[in-house]
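Trainee: Could you walk me through this model before I head back to the bench? I'd like to talk it over piece by piece.

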Amino acid sequence: MVFSSAVAFSKLLLRLCISTLRVFVSVSPIVWRWTAGALKGTSSAHGILEERKVQNAMTPTSVNYHFTRRCNYKCGFCFHTAKTSFVLPLEEAKRGLRLLKEAGMEKINFSGGEPFLQDKGEFLGELVQFCKQELQLPSVSIVSNGSMIKEKWFQKYGDCLDILAVSCDSFDDATNQLIGRTQGRKSHLDNLYRIRGWCQQYKVAFKINSVINTFNADEDMTEHIIKLNPVRWKVFQCLLIDGENAGETALREAERFVISDQQFREFVDRHSSVSCLVPESNEKMRNSYLILDEYMRFLDCREGRKDPSKSILDVGVTDAICFSGFDEAMFLERGGKYVWSKADMKLDW
């Protein structure tokens, strides 16, 4: 009796096992298809996100590389101050510039600080030559205060430079002294006119940058600008940047230089007859520049300060530029894209 019960139980258990196995066999392909589809869907979604990231990535058409913060002037409103003395090794800087070219850069502007301070202009000259001859960029430009520029630099590197912008905020020496746009007793204006002559001689397009502030807002510069005849005269409304020229950690206190929007408009209106005038208010200026600092990090100014991305040398251009805060629409609205190659300017040298 006990034996027969055991046999019956074993048969029942065997049937249950066979039934369970059949269910598993029939269901497993469905489970496999669902799992594979889910995994495939995850992979596809990731791929789509990566593709969209590439599609939405900004092209660094025009880049401003502030490779040094050191300067020999002490302009009271300066918004890129000497917080460090770091400068990348030349070959690393070239590597970064090549990455930018591969990402679509057409124009590079070298600035500071004072870019001619590093190795008496040789570091800058090497970068200018590299960008024009090796990278074959359509436009290579410099912004300088002009105090360190020598004629022999033009003789060596002038062919590779499209535009040289010299900063000049006033045509009155006493006003330049008040602003800090000077070094000792040297005349900033004498340098300006001398460099204008060299640009003409060595076929470099000449440009002037002016920051409009409390001390020059009422000045009429028309006569001098017409005489110097720059290809562009950029006039900027004095801008406050926390940590640079405003706030507790700043090296400058620019509040006393700030003018109202109305004062800036009046200055622009006063010079409306100057055909090369390109005015930039705080609104137009703040986020419409792609700025690289001395570590080749993009600087985001949207919060009124300069928040750095990771360096393009570490993460590449595509990842870094996402944190630049760049307003491409404003860049185009302010005339950021223009004829910037001297070969296309058809200037009367």
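What follows is a chat about a predicted model, going from the whole chain down to single residues.

Trainee: Let's start broad: how many helices and strands are there in the protein?
Mentor: Keep in mind that this is a predicted model. The protein has 349 residues, and 49% of them are buried. Its secondary structure comes to 13 helices and 10 strands.

Trainee: Of the contacts with a separation of 6 or more, what share is between residues 24 or more positions apart?
Mentor: Here we set aside contacts with a separation below 6 and look at the rest. Among those, the pairs that lie 24 or more positions apart in the chain account for 74%.

Trainee: Now strand β3, residues 139-144: how many of its six residues are buried?
Mentor: Take the two faces in turn. On one side S139, S141 and V143 are buried, and on the other V140, I142 and S144 are too. Both faces are covered, and β3 is largely enclosed by the rest of the structure because the buried count is six of six.

Trainee: Which residue of β3 is the bridge partner of K107?
Mentor: Strand β2, residues 107-111, pairs with β3 in the parallel sense over four bridges. The chain also builds a right-handed β-α-β unit from β2, helix α3 (residues 122-134) and β3. Within that strand pairing, K107 has as its bridge partner S139.

Trainee: And in β4, which residue is the bridge partner of S144?
Mentor: β3 and β4 (residues 163-167) run parallel and are joined by four bridges. Helix α4, residues 151-157, sits in a right-handed β-α-β unit with these two strands. The partner of S144 in β4 is V166.

Trainee: Moving to helix α2, residues 90-102: how far apart are its end C-alpha atoms?
Mentor: With 13 residues at 1.5 Å a residue, the helix should span 18 Å. The computed distance between the end C-alpha atoms agrees with that, at 19 Å.

Trainee: Within what arc do the buried residues of α2 fall?
Mentor: The buried ones are A93, K94, G96, L97 and L100. Looking down the axis of α2, they line one face of the helix, because they fall within an arc of 160 degrees. The face turned away from that buried side carries the exposed residues E91 and E102. So the arc to remember is 160 degrees.

Trainee: Which residue just after α2 takes a positive phi?
Mentor: Go to the stretch that comes just after the helix. The phi there is about 115 degrees, and the residue is G104.

Trainee: Which residue meets E92 in a salt bridge?
Mentor: The closest N to O distance is 3.0 Å for this pair of side chains. The two residues are three apart in helix α2, so about one helical turn separates them. E92 is partly exposed at 29% relative accessible area, and its partner, partly exposed at 35%, is R95.

Trainee: How many residues apart are R69 and E294, the pair that links distant parts of the chain?
Mentor: The structure holds 14 salt bridges, and R69 with E294 is one of them, with the closest N and O atoms 3.2 Å apart. R69 sits in the loop between β1 (62-66) and α2, while E294 is in the loop between β8 (290-292) and β9 (297-300), which puts them 225 residues apart. Both R69 and E294 are buried. The separation is 225 residues.

Trainee: What is the relative accessibility of D300?
Mentor: D300 and R302 meet through their side chains in a salt bridge, 2.7 Å from N to O. Buried means under 20% relative accessible area. D300 counts as buried, since its value is 10%.

Trainee: Which residue just after helix α6 takes a positive phi?
Mentor: α6 covers residues 188-201, and its end C-alpha atoms are 20 Å apart, in agreement with the expected 20 Å. Its buried residues include L192, I195 and W198, and what covers the buried set includes α4, β4 and α5 (173-179). Just after the helix, the phi is about 60 degrees at K203.

Trainee: Last one: how far apart in space are E255 and F77, C-alpha to C-alpha?
Mentor: E255 lies in the loop between β6 (232-237) and α8 (261-270), and is partly exposed at 45%. Among the residues E255 touches are L240 and N245. From F77 it is 178 residues away in sequence, yet in space the distance is 8.1 Å.

Notes. Residues are numbered from 1 along each chain as its sequence is written. This is a predicted model: local features need pLDDT of at least 70, side-chain atom pairs count only at pLDDT 80 or more; totals for chains, interfaces and linings use all residues. Side-chain values use heavy atoms; hydrogens and water are left out. Buried means under 20% relative accessible area, exposed over 50%, partly exposed in between (1.4 Å probe, protein chains only). Two strands pair if DSSP finds at least two bridges between them. A crossover is right-handed if, with the strands pointing away from the viewer, the path from the first strand over the helix to the second runs clockwise. The expected span of a helix is 1.5 Å times one less than its number of residues. The arc is that of the directions from the helix axis to the C-beta atoms. A salt bridge is a side-chain nitrogen of Lys or Arg within 4 Å of a carboxyl oxygen of Asp or Glu. Contact means heavy atoms within 4.5 Å. Lists of a residue's contacts leave out its neighbours within four places in sequence.
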